[in-house]
Amino acid sequence: MAHAPLIGIIMGSTSDWETMRHAADILDELGVPHETKVVSAHRTPQRLYDYATSAADRGLKVIIAGAGGAAHLPGMAAAMTHLPVLGVPVESKTMKGLDSLYSIVQMPGGIPVGTLAIGKAGAKNAALLAAAILATADAALTEKLIAWRTAQTDSVAEEPA
């Protein structure tokens with residue numbers, strides 16, 4: 001039996017999956033139940049509203065929102081839920097993701113979005129941060145995170161090949 005998702009990964013379009021799949025991969029590695037959805041702030045505003053306003057009632061604890069360009073998805077989601085929202089700027093062709101970063105990081109006071117790095121690194125770190133948030137109340141997940149970080153440290157060569 002599958003466990004109900006604790007983390008929601010949303011993205012503005014299917015093309016964002018190339019970046020956001022890295023968040024899903026980390027959560028899979030840690031065994032954290034999650035869901036992935038395409039939820040566009042501009043093209044599917046009712047879907048965004050329904051997703052964000054029902055997230056807590058459906059058992060989600062954290063939302064990871066990836067978006068490119070104008071990147072309103074993380075901020076709009078944060079405006080409609082009390083859950084922590086972690087924003088991942090997806091690299092755009094026009095401005096290499098700086099437009100996305102600025103759109104996500106410049107939230108008005110009172111609507112926080114934890115903003116991560118542009119692209120793959122941001123998606124990975126969003127998953128690790130979301131897991132760390134959950135781990136504050138989950139000893140088993142804390143141990144998995146410690147093991148993950150230890151393995152990462154152990155994988156770094158002491159000398160160049």
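**Figure 1. What lies over the buried side of α1.** In this predicted model, the elements covering the buried residues of α1 include strands β1 (7-11), β2 (34-38), β3 (62-67) and β4 (85-89), along with helices α5 (120-135) and α6 (139-154). The residues being covered are T19, M20, H22, A23, A24, I26, L27 and L30.

**Figure 2. Helix α1 from end to end.** The helix takes in residues 17-30, 14 residues in total. Its end C-alpha atoms sit 19 Å apart, and that agrees with the 20 Å you'd expect, because the expected span is worked out at 1.5 Å a residue. Step just past the end of α1 and you hit G31, whose phi is positive, at about 75°.

**Figure 3. The sheet and the helix on it.** Here we've got an open sheet of 5 strands, paired in parallel and running β2-β1-β3-β4-β5 in order. β2 and β5 (114-115) are the edge strands, each with pairing on one side only. Helix α1 packs on this sheet and touches β1, β2, β3 and β4; the angle between the directions of α1 and β1 is about 170°.

**Figure 4. Zooming in on β1 and β2.** These two strands run parallel and are joined by 5 bridges. Look for I9, which stands opposite T36 in β2.

**Figure 5. A charge over a ring.** R58 puts its charged end over the ring of Y51, at 4.7 Å from the ring centre. How many aromatic pairs are there if ring centres must lie within 6.5 Å? With that cut-off, the count is 0.

Methods:
Residues are numbered from 1 along each chain as its sequence is written. This is a predicted model: local features need pLDDT of at least 70, side-chain atom pairs count only at pLDDT 80 or more; totals for chains, interfaces and linings use all residues. Side-chain values use heavy atoms; hydrogens and water are left out. Rings of Phe, Tyr and Trp (its six-membered ring) pair if their centres lie within 6.5 Å; planes under 30 degrees apart count as stacked, over 60 as edge-to-face and the rest as tilted. A charge sits over a ring if NZ of Lys or CZ of Arg is within 6 Å of the ring centre and within 35 degrees of the ring normal. Helices (H or I, at least four residues) and strands (E, at least two) are DSSP runs, numbered from the N terminus. The expected span of a helix is 1.5 Å times one less than its number of residues. Buried means under 20% relative accessible area, exposed over 50%, partly exposed in between (1.4 Å probe, protein chains only). Contact means heavy atoms within 4.5 Å. Two strands pair if DSSP finds at least two bridges between them. Axes are lines fitted to C-alpha atoms, for helices over the stretch in contact, and angles run from 0 to 180 degrees between N-to-C directions.
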